[in-house]
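Student: I'd like a close look at a single part of this model, please. Could you walk me through how the protein meets the DNA?

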Number of protein chains: 2
Amino acid sequence: MSRFQELVVEHGREKALDPGEHVFSQGDSDSNVYFVKTGLLKAYYIRADGKEHIKSFLPEGSIIGSMVALVDGDACTFSLQALEDGVVVALPYAKLELAAQNDVDLANALIAFLSTYGKRKERREYELLSLSPEDRFAILLETMPDIADRVSQADMAAYVGVTPQALSRIKRRMAK
Amino acid sequence: MSRFQELVVEHGREKALDPGEHVFSQGDSDSNVYFVKTGLLKAYYIRADGKEHIKSFLPEGSIIGSMVALVDGDACTFSLQALEDGVVVALPYAKLELAAQNDVDLANALIAFLSTYGKRKERREYELLSLSPEDRFAILLETMPDIADRVSQADMAAYVGVTPQALSRIKRRMAK
DNA sequence: GCGACAAATGAACCTCGGTTAATTACGGAC
DNA sequence: GTCCGTAATTAACCGAGGTTCATTTGTCGC
């Protein structure tokens, strides 16, 4: 566990989650960083037409927060919802940022966190820009081998960026 | 100009660029951060089948570098090429990271940079995941009104994620 | 002006995902 | 076991983008 994660756990406030429960919703103002102690969450956008697109699945050990909400105090651009029951730890990001101004170690822990975040987004951008739905699905299965047992096909489809029907077709294509 | 940008300009090494010239190519190991003083660059992926996808256009004032190359010293995941002649300033990221370990101000400048980077990627992820090519094209024109005069239709298409022919069709649809 | 090359558009056909709706498979509650 | 509700699959049709190639437009060098 990184220094940053330890910090969050140490100074944060625990919150138990039931399946389906929201940590925050798109449009909320919530500038906490969340550490996933146990369970599985999903971060997702709701479009104007009601369609849902999943940014990422967040298993144990993940750290998450809406970047613009954390940094600028804007409204969250996505929703965060528990898929299983579990426990998250919340820590106000502003406190971290403030404390970092006088604490080199903390500042460097923040740097490490933001670097990891940046790398993750860079990879996701590549996947979305350059890979087909089929490739993205394959990568999802590789990266999180247990995902098929933990979430519905509809959620996997929303992550890959297609409808559940299309994902079903993709699975059939991949099988042979 | 942010503290971080000033730092790069102050301590970096200038490099003039001709149109078409590469700053680095996919697969290179180049852990410099680049500040675009003048000109316009594109950051793009080349897929196995030779197709090109543009991550972002980088006009004057932009900061860029391959996150995994900067942080982990891995090979660059994309290429960086000048579209116009111009000048960039290069600064080894490792030096910054090292110096940040003993300099709170520098560390916080780095935090600000990484935060901005994270926000930008978060927005792009949303666009790629939730918007249609048509919407993405409209946003591009909004965000960079002069882009149509500065780059080819092929490059705009590679940014939006479609073929030049498809972009042509999209333009026709949007006109009426 | 002309000629040559690149860029953009247009047309014809194909593929794949979206849409809608029906069908099948699964998982408790009883 | 049956019943019921949900999830997953399948099918049929549509539309948008990909592919290929031809045509037009634009832009230089001269």
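**Around DNA strand C**

Tutor: Happy to. A polar side-chain atom of Thr163(A) sits 2.9 Å from a phosphate oxygen of DNA strand C; bear in mind that this is a predicted model. Lys51(A) also points to the backbone of the strand, with an N or O atom of its side chain 3.4 Å from a phosphate oxygen. From chain B, the side chain of Ser168(B) places an N or O atom 3.2 Å from a sugar or linking oxygen of DNA strand C. Two or more residues of the surface near the strand come from each of α8 (164-175) of chain A, α7 (153-160) of chain B and α8 (164-175) of chain B. Of these, α8(B) gives the largest share, five residues.

Now for the surroundings as a whole. There are 17 residues around DNA strand C, and those that come nearest are Thr163(A), Gln165(A), Ala166(A), Arg169(A) and Gln153(B). By character, the residues of this surface are four nonpolar, seven polar and six charged. On the DNA side, 58% of the strand C atoms within 4 Å of the protein belong to sugar or phosphate, and the rest belong to bases.

Both chains take part here, and they also touch each other: 38 residues of chain A and 38 residues of chain B make up that contact. About 3200 Å² is buried between them, with carbon and sulfur atoms giving 63%. Eight salt bridges are counted between chain B and chain A. Among them is the one joining Glu125(B) to Arg124(A), whose closest N and O atoms are 3.8 Å apart.

How values were computed. Residues numbered from 1 in each chain as written. Chains lettered and ligands numbered in written order. Predicted model: local features only at pLDDT ≥ 70, side-chain atom pairs only at ≥ 80, totals over all residues. Heavy atoms only, no water. Near = heavy atom within 4 Å. Polar contact = N/O pair within 3.5 Å; in protein donor to acceptor, adjacent residues only side chain to side chain. Helix = DSSP H or I, 4+ residues; strand = E, 2+ residues; numbered from the N terminus. Nonpolar A, V, L, I, M, F, W, Y, C, P; charged D, E, K, R; others polar. Contact = heavy atoms within 4.5 Å. Buried area = accessible area lost by both parts, 1.4 Å probe. Salt bridge = Lys/Arg side-chain N within 4 Å of Asp/Glu carboxyl O.
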